[in-house]
Amino acid sequence: MFLPTTKDEMTALGWHELDVILISGDSYIDSPYSGVAVIGKVLQKAGFRVGIIAQPELTTDADISRLGEPTLFWGVTSGTVDSMVANYTATLRKRRSDDFTPGSENNRRPDRAVIAYTNLIKRYFKNSRPIVLGGIEASLRRVTHYDYWTDKLRAPVLFDSKADYLLYGMAETSVVELARAFKEKKSPLSIRGLCYLAKTAPEGYISLPSFEECVFDQIAFTKMYHLFYQNNDPITAKGLAQQKGDRFLVQNPPALTLTQPQLDKIYALTYERDQHPYYEKQGTVKALETIRFSIPTHRGCYGECNFCAIAVHEGRTVASRSENSILAEVKAISRHPKFKGIINDLGGPTANMYAIECAKKLHNGACVDKRCLFPDICPVLKIDHSSQLDLLTKIRLIPGINKVFVGSGIRYDMVLADKQNGLAYLKEIVAHHTSGQLKVAPEHAAPHVLKMMGKPSVGSLLKFKKMFENLTYAVGKDQYLTYYLIAAYPGSSDREMKQLKDFVTNKLHLTPEQVQVFTPTPSTYASVMYYTEKDPFTGETIFVEKNITQKVAQKEMIAKPTASSAQKTQAVKPSNLPHGYANKPRLQRKSR
Ligand code: SF4
C-alpha cells in the first residue's frame, strides 16, 4: 500500500489528519531503495499516520498545503541525492535530466532542497510544527563543510535552513523515537543521531573548532574534519558541538547500527515497487527501471575511499540482512505482476561486503588509527564469501527467477584475499550473475593518486582481471570488466593522467568510457583535500586542479572525447543513496 499523497487518499484510510508529513526532492517511488518511503513505512508500522508530498511546487501553496499540517512534525529530505550533485555536473553545468523526476526533465528539484522546502513550509505555516531534516543532503552538511558550488565553507545546515532538528545517518530507530517524544511531549534532545541548535554545548561533548575558526584557518578546518570523522562510530563516538556566532550545533552520537532482526523487519515491510499513481500522471521515473526489482542485501561500507560519503552517512560497519529475509523478498518479487524474471541487482554499497565484518569492530567499534582495507587488508578482517555464495546459489534456484545480476561494484582486493572461497565466488558471479559487464572501480593507476584516494594498488586489479577473463573464457561467455576512473582528483596533474593513460592502454588494452571528472562532495576527506590543497593526514601540499577547462582536458586524455564533453550536460548520477543501493548500476556511483 502506498502512503497517502492527497486528502482523498487520507479519507479513504479514515484519517482526517496526519502525524507526520514527509517532503522529498524525489518523486514518490514506493521501494526499499527510497529513503523517504522506508522512513514513512517504518513510522507507519510504529503506529503513526504518515503522508508524502514529493517535489512540491515552490511558488504556490498548492502542494505543500494539500495534506494540511501534521500533528507531530514535518520531515524534509532532498531525496536520494544531494540536490547540488543532482543539479550540476562536476564542471558546474546544469544537468538536463534527473532520473528521480517524472519525465526525467531536471525541473522539479530545487538547489539546496532542504533549505528551499523548509522555507516553503515556514512561508505557508506560521509557527509550524517542528521541521526535521534527514537524508543524504542534511546528513553530509550537518557540520561545517566545503561546498564546491560556492567554493567556500558553509555553516551547519541547521543554521542556514532554520529547521528545528536534523537526523543524520540511518534514521529508522531515531525517527520513531523522535515521533514518540513529540507525541508524549518529552524532550527529544538525548536521541542518538539527532542534531539541534543550542545556546550552550552539552557537558562531555567534544568541542569542534568553530565555524568562524574554520573559515579563518584551514588547519582548524582539517582538525575539525578529523574529529568529525573519528566520532562517527556508534560504539565509540562522543557527542560533538560546533559554535557559530552565539549558538552551537549539537550532534549527538550516531544511532546504533541496526541489528540483523531490525534490518529484516524493515525489509519485510511491504513496498509497491512502483511510482505512486499521483506522480505517475506526470511521467515515468527512469530510476524505477533499475531499482524496481533490485534487492539491497546490506548497508554500510568499510572501503572508506576518501571521495566517498558512504562511511560518513551509512557508517563503516556493514549491517547485513539474514539469508531468510533476502530469500523471502526474492519470492515476493517473483509474484509481482510486473516481474519478468530478472533481478537487476543484488548488492549494497560494495556488493561483496555482504556478511563480512570484523568481530573486533562489532564489539569495540571501528579502529580510529587504521583502516580495514587500506593500505592493505587488515589481518583481523576475516574475509569469507561463503555466505554470499550460498545466497546466490539458492536465489537462482527459486522458481520464476531467470537471472540475478550483481550490478553493484565488487572489491577485487577482497576477492583475492579470500583464499578459501574467493575463486568459487568469482566463478559463480562470472557464470551466473554478470549482465555483460562487471563493474570494478580502480579509479586511477598513479600510486600517489591512489594513496590520496585510499584505493588499492593496480597490482591486485591486474590479478583479478586475469582471473575474470580466464573464468569467462571457461564458461564461453561474451562479457567484460567495466572500469570506473576519476580525472582531476586531488594529486592528479597531467603527469599522473599520462600514467593512467599508459596503464589503460598497455595493461587494460582499452579506451575507457566510464571516466568522471572529480566532484568534491560535502563532508568527505577528498573535499578537505580539494579545499585546503593539502594532504589532511600529513599536511603536505598537493597539486589540485581547479581550472574547469584543465579538468576536462584531464578526462579527455584518457576517455573517448564526446561532442564537446565540456559543454555536454550529463544524466543525473545520484551519488549517495541512503539504503543499500548507494551505487545503482547505470544510475549512479558511490559518492564520487
Ligand atoms: S581491526 Fe582491522 S578490520 Fe577491524 S576495525 Fe580495525 S582496521 Fe578494521
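User: Glad to look at this one with you. Where should we start with contacts, and what share of those in the protein between residues at least 6 apart in sequence join residues at least 24 apart?

Analyst: Contact means heavy atoms within 4.5 Å. The model is predicted, and the count here takes contacts between residues at least 6 apart in sequence. Of these, the share that joins residues at least 24 apart is 77%.

User: Thanks! How many helices and strands does the protein have, and what is its radius of gyration?

Analyst: The protein holds 23 helices and 22 strands. For 592 residues the globule rule gives 25 Å, and the value for this protein is close to that, so it is as compact as a globular protein of that length. Along the principal axes, its C-alpha atoms fill a box of roughly 65 × 60 × 50 Å. The radius of gyration is 23 Å.

User: Which residues have the most contacts inside the largest nonpolar core?

Analyst: Buried residues make up 64% of the 592 residues, and the largest nonpolar core has 130 residues. Apart from it lies another core, of 42 residues, with A179, Y196, L263 and A319 among them. Back in the largest core, the residues with the most contacts are I23, L133, Y302, F307, I395 and Y489.

User: Let's zoom in on L133. Which residues does L133 touch, not counting those up to four places away in sequence?

Analyst: L133 is one of the residues with the most contacts inside the largest nonpolar core. Leaving out residues up to four places away in sequence, L133 touches V76, V114, T118, A138, V157, L158, S161, A163, Y165, L166 and L167.

User: Is strand β20 largely enclosed or not, and which residue in β21 is the bridge partner of V440?

Analyst: Strand β20 covers residues 437–443, and six of its seven residues are buried, so the strand is largely enclosed by the rest of the structure. β20 pairs with strand β21 (residues 480–487) in the parallel sense, over five bridges. For V440, the bridge partner in β21 is Y483.

User: What about helix α2: which of its residues are buried, and what phi does G47 take just after it?

Analyst: Helix α2 spans residues 35–45 and is mostly covered, with nine of its eleven residues buried. The buried ones are G35, V36, A37, V38, I39, G40, K41, V42 and L43. Just after α2, G47 takes a positive phi of about 105 degrees.

User: Which residues are around the ligand, and how does the shell divide into nonpolar, polar and charged?

Analyst: Around the ligand are C358, K360, K361, C367, K370, R371, C372, C378, V380 and L381. The shell divides into six nonpolar, no polar and four charged residues.

User: Where is P375, and what is omega for the bond that joins F374 and P375?

Analyst: P375 sits in the loop between α15 and α16 (386–396). Most peptide bonds are trans. A cis peptide bond joins F374 and P375, and its omega is about 0 degrees.

User: Are Q55 and L92 buried or partly exposed?

Analyst: Q55 is in the loop between β3 (50–54) and β4 (73–77), and its positive phi is near 45 degrees. L92, in the loop between α3 (83–87) and α4 (113–124), has a positive phi of about 65 degrees although it is not a glycine. With a relative accessible area of 1%, Q55 is buried, whereas L92, at 36% relative accessibility, counts as partly exposed.

Methods: Residues are numbered from 1 along each chain as its sequence is written. This is a predicted model: local features need pLDDT of at least 70, side-chain atom pairs count only at pLDDT 80 or more; totals for chains, interfaces and linings use all residues. Side-chain values use heavy atoms; hydrogens and water are left out. A residue is near a molecule or strand if one of its heavy atoms lies within 4 Å of it. Ala, Val, Leu, Ile, Met, Phe, Trp, Tyr, Cys and Pro count as nonpolar, Asp, Glu, Lys and Arg as charged, and the others, Gly among them, as polar. A nonpolar core is a set of buried Ala, Val, Leu, Ile, Met, Phe, Trp, Tyr and Cys residues joined through side-chain atoms within 4.5 Å. Buried means under 20% relative accessible area, exposed over 50%, partly exposed in between (1.4 Å probe, protein chains only). Helices (H or I, at least four residues) and strands (E, at least two) are DSSP runs, numbered from the N terminus. Two strands pair if DSSP finds at least two bridges between them. The radius of gyration is taken over C-alpha atoms; the globule rule is 2.2 Å times the number of residues to the power 0.38.
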